[in-house]
Number of protein chains: 2
Amino acid sequence: MTSTLNRLLETFARIGATPDGGVCRLTGTPEDGGARARLAAEIVSRQLGLLVDPIGNMFGVAALAPSSQEAVIVGSHLDSQPTGGRYDGVYGVLAGLLAVEAVAARAAAEPGKAKRNLVAANWTNEEGARFQPSLTGSSVFAGTLALDAALGLADGAGVTLGEALAAIGYRGTADLSLAPRRYVELHVEQGPLLEEKGVEIGIVIGCWAARKLSLVFHGEPSHTGPTRMARRRDALRAAARAIELHHCLVELGGSGAHASAARITVDPNSPNVTPCRVQVWFEFRHEDAAVAVALGDRFLAEARAAVASLGVDIEIAVDERRGTATLDPHGAALTAAVARELGFSAMEMKTIAGHDALALNKRMPASLIFVPSHNGLSHNPAEFTDEAALDKGLAVLTDVLWRMVTEE
Amino acid sequence: MTSTLNRLLETFARIGATPDGGVCRLTGTPEDGGARARLAAEIVSRQLGLLVDPIGNMFGVAALAPSSQEAVIVGSHLDSQPTGGRYDGVYGVLAGLLAVEAVAARAAAEPGKAKRNLVAANWTNEEGARFQPSLTGSSVFAGTLALDAALGLADGAGVTLGEALAAIGYRGTADLSLAPRRYVELHVEQGPLLEEKGVEIGIVIGCWAARKLSLVFHGEPSHTGPTRMARRRDALRAAARAIELHHCLVELGGSGAHASAARITVDPNSPNVTPCRVQVWFEFRHEDAAVAVALGDRFLAEARAAVASLGVDIEIAVDERRGTATLDPHGAALTAAVARELGFSAMEMKTIAGHDALALNKRMPASLIFVPSHNGLSHNPAEFTDEAALDKGLAVLTDVLWRMVTEE
């Protein structure tokens, strides 16, 4: 017997479905627009108030306590990576919507209990696949990213986020006037810890730090045929050296850091011209912010030394440092209590991946709840969490939200 | 006093001009269309017959000997690299056109001398910057590349060469019915040898061999945050290792080979997804075909070994071997004689870069003549050859063509 949640997940998995069983719903594309339209219909059909703000964040408002100016917000994101799975983000949006529906029904059955309102949310461009940086909509809502700067972010073809949202009809004009009191997000883990330990609910109490370095390698264009090898200034060879170097630093350092170089652009990217401008997006992640920062510093120094003999200069285009953060301790305590009551095993953990909850935590106490992810596989079409595990997460979320809207 | 040739070069340098003084005229773009339209006007205004063939090759026909079914062809290409200079290709097209005009005038003044006809040509997509492989139009004309295959070549956005040519109005329907007897191409050297030796005319007697290996690295998509480092199968890290390895093989081998890895595509190329599919275009060039082939073999074996520990497989997408070739010895002898008569220093040499003359040499005896290139700089906006050197090349070309159309 399939739950409403799993039927809804099936429906959304068909929007932007890829042949390999995953989804591709990049922000501001027709697929994103299709998922948003379906979510809007689901919100309206549940008698929730629909709002779309200027950065395209979508809200479904349950006015549980009309005299209150406060709201608890629950949500996640509908956008995906190009190689996205069927659960990342969309699980939290749909579970959030169903939890709001359930809490609203209970509030109607128990009048006077709800002290504040409840809002389901879909945040724009969490993934940062088409537009960098990621966590865009939640950062604008949190006040840490200016709306104009966010709308002006350009994709690889020069289309801005503002234009892309307008094209799919989701550059809104409304604002959520309620004051956010708390935020809760339910997500698949995307790592292997819960599955390995056989635990059903992850209570995320904080996050790893990250240092994101986007470097530009400047060489010189020349003919790849007759130009003498010693005369070339090859920016791609320099970038290749730096990519291997940054992996070696992490591997040999023994710090347990995670590192990645996953995006690259090459100019002119013609087989017969020595590349003259190459940009690579590097990341170092560690539980200790000082380690991530130090790795970045060491990498920059060693990379410059490693490419100097190639006649290539390195320019720092982006040096973004995301510190560690402590998520809402009260939300964690409520989650632990609810899991215990429902008979689910639970453990505290930290998130290595970025989430909207981390961006929103800068404006309001935010909570993040994980369910297991098979083999820890994510940003992969084979991403999988079984139906029972998904439903357990929803059950916990619903009761946590009930407590948050009814407590003093 | 600027010559007609140099005034024409100035005019064409404004079509697709880049702010840094170079040109960008990729095949089938509006800039290519603009240069073609201007060439068509120059052809027609000189009372030459204009033909455009189905792959977009343009011909300006001087009917010097109407009873003959033969023609000598002279030409080069108007397309450029994205970081193209003002001389590469366009010099040979415009010098060819002016030489045809001069030979036609002399033939009119000396009736009965011309034994065959003379044709100025612009070959489609010599550079291979937007569509691979390069030398497209000349290879179709030589009969070594099927027209349908050439028209179906797709650029990075999926637009075919046929569509791009149709869009600018240069997918023609005519065919050059004359039988090609010889081909001659005048070009800037793109290397430093003539300048270093102080020689005015390069007589190209052959070419280096090349092995072009386009390799696909297959990894697995995963989240760049929580996925354990040992669990990742990173195709970009594997490609980076292979890029550095292929340069080291050439550097340390001491063979004097030239090598390049200048084009790369990455999927999904998102900062937060471990790259799962990366394609790199590698090249090895050497005077001895066996050395180029052996380098490629050794590279493939070592690259596979180097990336195996990363869980990445290597697929060979393209393995193209261009052998050495001997260009037209008769054309070389004529060029040497003409240079001597005109009082220009000349030397025999080989070309490392590909040229339409090499593709056409498979159907007809082809000659290639170089003039010096300052610092050997090419595929670079700073490419430069002075006016006097350009005019010397035109003078040699004109007399060589006169001999070729008048000899028995």
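Here is a short walk through this predicted model, stop by stop.

Before you click, residues are numbered from 1 along each chain as its sequence is written, and chains are lettered from A, with ligands numbered from 1, in the order in which they are written. Local features need pLDDT of at least 70 and side-chain atom pairs count only at pLDDT 80 or more, while totals for chains, interfaces and linings use all residues; side-chain values use heavy atoms, leaving out hydrogens and water.

**Stop 1: the two domains of chain A**

Select 4–207 plus 324–406 in chain A and give that set a colour: that's domain 1. Now colour 209–322, which is domain 2. These bounds come from an automatic or database domain assignment. The C-alpha centres of the two domains lie 34 Å apart.

**Stop 2: where the domains touch**

How many residues of domain 1 of chain A are in contact with domain 2 of chain A? The count is 9, and they meet 8 residues of domain 2 (contact means heavy atoms within 4.5 Å). Together the two domains bury about 730 Å², with 46% of that from carbon and sulfur atoms. Buried area here is the accessible area, taken with a 1.4 Å probe, that two parts lose on being put together, summed over both. Select A:Gln132, A:Thr324 and A:Ile352 next: they supply 54% of the area that domain 1 buries against domain 2, more than any other three residues.

Then show A:Lys350 and A:Glu287 as sticks. They form a salt bridge, with the closest N and O atoms 3.1 Å apart. (The rule wants a side-chain nitrogen of Lys or Arg within 4 Å of a carboxyl oxygen of Asp or Glu.) Across this domain interface the rule finds 1 salt bridge.

**Stop 3: chain A meets chain B**

Zoom out and show both chains. The contact takes 64 residues from chain B and 64 residues from chain A. Between them they bury about 5,300 Å², 53% of it on carbon and sulfur atoms. On the chain B side, pick out B:Arg237, B:Ala262 and B:Pro271, which supply 12% of the area that chain B buries against chain A, more than any other three residues.

The rule finds 8 salt bridges across this interface. For a look at a salt bridge between the chains, select A:Arg237 and B:Glu251, whose side chains meet at 2.8 Å, N to O.

**Stop 4: the cysteines**

How many disulfides does a search of the whole structure find? It finds 0 over all chains (a disulfide is a pair of cysteine sulfur atoms within 2.5 Å). Try B:Cys276: its sulfur is 12 Å from the closest cysteine sulfur, in A:Cys24, so that is too far for a bond. B:Cys276 counts as buried, at 15% relative accessibility. A:Cys207 is buried as well, with a relative accessible area of 5%. Buried means under 20% relative accessible area (1.4 Å probe, protein chains only), exposed means over 50%, and partly exposed lies in between.
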